[in-house]
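The following questions and answers explain how certain descriptive terms are applied to a structure. Please consult the sequence and the model while reading.

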Amino acid sequence: FVPAFLLIQERRRRRMLRHTEIDFSIPQETALAVVPAPSPAVKKGEAPDSPSPGQHGMGRLARRRYAILFNLATCSARCPIAIVVLAVLIVALSLVGVAFEVELDTGLPTIFPDDHNQVAGKEVLAKFGDVKDLGGTEPTRAGAACSPQLAFAEDQQSCFMHWCDATPVAGTVEGVEAECWRGPTEMRDNSSLTWTEVGWDNADCFYMTVANRLISPFSPESDRWTLAWRGASSSWLNWTHRAANSPYHRLTALAPVNMEEWETGSVYVSELWMDNHQRFTRAQIAPAPEDSAPYCRIATMCSLGKQTCQIPGWRRMGVLSVPGASPATTDAPPRALQSFSRPTWVPSTVAERLRVSVRVVYGLLSPSSTPLVGPQDVSWAFDPTYEPSNPWSQRAMHGMCADVHQALQVVSEDCWPEMLRKFVQGRDQRFPSRTFDEDVAAWFYSNRIVASYRLWFVDKKVRASTMLFEVNVASNIQSAKALEYMKLWDAYVEAQNAKASTTGNRAWHTSSLWVRAEAEIAIVSSTQLTIILSA
């Protein structure tokens, strides 16, 4: 409607303008008169003051186009007010329709992809409902985490669970054969009724009570197990079972036992059962009153599974078979406990002077950005979340060395957690270390030259560390291939951080090869852009 509106304005302007003519044939007082200027005659269908199209050599198609445009302009000139009114009505109706249909979006803008936790988390949260009344939902069981070898009445506690260090059971058929261990002999003082350890010799004992606990991933048959255990213990101890004085054999379920493989942190859960105490007497010895004869007791433990509890100071008794028992069948193969795996190394085909070194760093934070002008305010800082004294952090650092795969092409490694592990175990201690600060200081002073460039100490505590990997990659490879290889380390370190706890999950890697490759790519890209802009 803009052309029609402009046409209306033009007509209004023209009505206000008149041509002035002076007529000298009339008296002087009326000599001056305003006479409208005559309009030139315009033929129908012909533009005013316009030359004939044919005068300019226009073709038939051009003349038709000219005529169509002229007729359209003529129609618009005849009714410009109607066109403007119609256009205003259409705009007004459109605005009214938009006003009624518009809705205000009160939600947050979608800036995350569908698989991001900010989006997926809301979908998971929507599946849960609110609970206003929490009555009756408190835990119905409470107690202590007990050691599974506490087998006698005065040792019993209200145990919510049992916990021990795991050790693999080798050479037995799960569900059919059980490996059994025993603790030292305890003798009762008949006057004070207290118990005292007397070692492993039972020669001074006259009567013996044997308590047994069974670790089994399934519910065993009480009769078969007790008969097998009673016969095996009589043979191992060389004592005679007193059937008349022993209670009826019955297995009682206890709180489950959690067996932790300390090096890897893997936890295996199994059922724990208690057998009634069995009483024995020394073979070929005449009976004597129990209240006056030397009375002893022994705690034992057996396992029908692939793992058992490692109890310090206990001795292995032997392996017993349960008659009529069937091997245990599970949907998944049994998981045998293993020590740390060794890394997968590859043979070197690159000269030593050309081999690339990759460093993995813990405990240091690099700057996340670089200023456009001026020096960097902070070049690096210690990571406040890094706690190498935490066993899970030690497992994560050792796993960074032990889990390297063949695609990384590692030829050799300089891994201080593995060195510390051998040092600690050489002192008959276990790794990860609960006394990390003391152990790492002892290792440092025993081999200061090796350890000095691997660890950063602040106030006699490790604040940062590094480990070195030599890889079968040449330092002069193409930049594109170097960046592709760098992506393998990105994925590996990211995967190791994902498995680690918060005290050791911010490791990062660096290499001179990454610096050289990224610089070359940046220089080439900048040069190409400069050439394109200058052209």
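Q: Why is R395 called buried?
A: Buried means under 20% relative accessible area, exposed means over 50%, and partly exposed lies in between (1.4 Å probe, protein chains only). R395 has a relative accessible area of 7%, so R395 falls under the 20% limit and is buried. The model is predicted: local features need pLDDT of at least 70, side-chain atom pairs count only at pLDDT 80 or more, and totals for chains, interfaces and linings use all residues. Residues are numbered from 1 along each chain as its sequence is written, and side-chain values use heavy atoms, with hydrogens and water left out.

Q: What makes E260 and R395 a salt bridge?
A: The term requires a side-chain nitrogen of Lys or Arg within 4 Å of a carboxyl oxygen of Asp or Glu. The closest N and O atoms of E260 and R395 are 3.6 Å apart, so the pair meets the requirement. E260 belongs to strand β11 (residues 257-261) and R395 to helix α6 (residues 391-402), so that distant parts of the chain, 135 residues apart, are linked. Helices (H or I, at least four residues) and strands (E, at least two) are DSSP runs, numbered from the N terminus.

Q: Why does E260 count as buried?
A: Its relative accessibility is 9%, and therefore E260 is on the buried side of the limit.

Q: How do you know that E418 and R421 form a salt bridge, and what separates them in helix α7?
A: Their N to O distance is 3.4 Å, so the salt bridge is established by the definition. In helix α7 (residues 416-426) the two are separated by about one helical turn, because they are 3 residues apart. Both E418 and R421 are buried.

Q: Why is the pair of R427 and D439 said to tie together parts of the chain?
A: The side chains of R427 and D439 meet in a salt bridge at 4.0 Å, N to O. R427 lies in the loop between α7 and α8 (436-446), whereas D439 lies in helix α8, so the pair joins parts that are 12 residues apart in sequence.

Q: Why is R427 partly exposed while D439 is buried?
A: R427 has a relative accessible area of 41%, so R427 lies between the two limits. D439 counts as buried because its relative accessibility is 4%.

Q: What makes the pair of F444 and Y445 edge-to-face?
A: Rings of Phe, Tyr and Trp (its six-membered ring) pair if their centres lie within 6.5 Å; planes under 30 degrees apart count as stacked, over 60 as edge-to-face and the rest as tilted. The ring centres of F444 and Y445 are 5.5 Å apart and their planes stand at 85°, so the pair is edge-to-face. A search of the whole structure finds 13 aromatic pairs.

Q: Why is F444 buried and Y445 exposed?
A: F444 has a relative accessible area of 14%, so F444 is buried. Y445 has 57% relative accessibility, so Y445 counts as exposed.

Q: How do you know that R297 lies over the face of W195?
A: A charge sits over a ring if NZ of Lys or CZ of Arg is within 6 Å of the ring centre and within 35 degrees of the ring normal. R297 lies over the face of W195 at 4.3 Å from the ring centre. R430 lies over the face of W262 at 4.2 Å from the ring centre.
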